[in-house]
Amino acid sequence: MILGVCMLVAALGMEAHNAWEERQAGRETEQVYEELQTVIDILRMEETATPAEAEPDETGEETLDAEKYLGILRIPEFGLNLPVQWEWSYPALRQTPCRFTGSTREGDLVICAHNYATHFGKLRNLSYGATITLEEMDGTVRRYRVEEIEILGPGDIERLLSGNWPLTLFTCTYGGENRVVVRCGYDV
């Protein structure tokens, strides 16, 4: 009985921690999104401007290092505006989605994110034909359309990276046993 109570308390603690982590990621994503959108808007207006390295602002805090971001991924069906970091790492994934591999210019971009509701948690529920856009740091907007949704095993990297898809999004299923993979073609 004591063991059962201990396991229940541990499970509740883990669930509370996961909920806190998800709320924190949502707040960080929103803050980065607002700053990144401002940078993109400024760059669009200034033809010769380039993103500056992070510098202390007047309060002494570091400002956004825009060069570490690919741009903003928009999934209108879910009302998501997600900054996408250029390089993925586990700490980076706690903040925002990240480029896993590929590029828009080569037409093989793969973006990963945690399954937080504020990131890719609803990915498996996207409608076929849904529009997704990526606004790059230079202001270029690329439009994609959801064409395929599949579930892959966690080690099936070869299949994840296969095919001629201009955009692939993926995240873990709840519990992390598998991967939800969304394949997108160009939306013309």
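This is a short tour of one predicted protein model, moving from the whole chain to a few of its aromatic rings.

Before selecting anything, note that residues are numbered from 1 along each chain as its sequence is written. Because the model is predicted, local features need pLDDT of at least 70 and side-chain atom pairs count only at pLDDT 80 or more, while totals for chains, interfaces and linings use all residues, and side-chain values use heavy atoms, with hydrogens and water left out.

**The whole chain**

Begin with the protein chain in a cartoon view, where there are 3 helices and 8 strands (DSSP runs numbered from the N terminus, with H or I over at least four residues for a helix and E over at least two for a strand). Followed along the sequence, these elements give the pattern α-β-β-α-β-β-β-β-α-β-β. Of the 188 residues, 39% count as buried (under 20% relative accessible area, with exposed being over 50% and partly exposed in between, using a 1.4 Å probe and protein chains only).

**Phe100 and Phe170**

Turn next to the aromatic rings, which form 4 pairs in the structure; rings of Phe, Tyr and Trp (its six-membered ring) pair if their centres lie within 6.5 Å, and planes under 30 degrees apart count as stacked, over 60 as edge-to-face and the rest as tilted. Select Phe100 and Phe170, whose ring centres are 5.2 Å apart and whose planes stand at 90 degrees, so the pair is edge-to-face. Phe100 belongs to strand E3 (residues 98–101) and Phe170 to strand E7 (residues 167–172), so the pair ties together parts that are 70 residues apart in sequence. Phe100 counts as partly exposed, at 22% relative accessibility, whereas Phe170 is buried, at 10%.

**Tyr144 and Tyr186**

Now select Tyr144 and Tyr186, an aromatic pair that is stacked, with 5.8 Å from centre to centre and 25 degrees between the planes. Since Tyr144 lies in strand E6 (residues 141–152) and Tyr186 in strand E8 (residues 179–186), this pair ties together parts that are 42 residues apart in sequence. Tyr144 is buried, with a relative accessible area of 0%, while Tyr186 is partly exposed, at 41%.

**A cluster and a charge**

Return to Phe100 and Phe170 and add Trp88 and Tyr90 to the selection, as ring pairs link these four residues into a cluster. Finally, select Arg99 and Trp86, where the charged end of Arg99 sits over the ring of Trp86, 4.3 Å from its centre (the rule asks for NZ of Lys or CZ of Arg within 6 Å of the ring centre and within 35 degrees of the ring normal).
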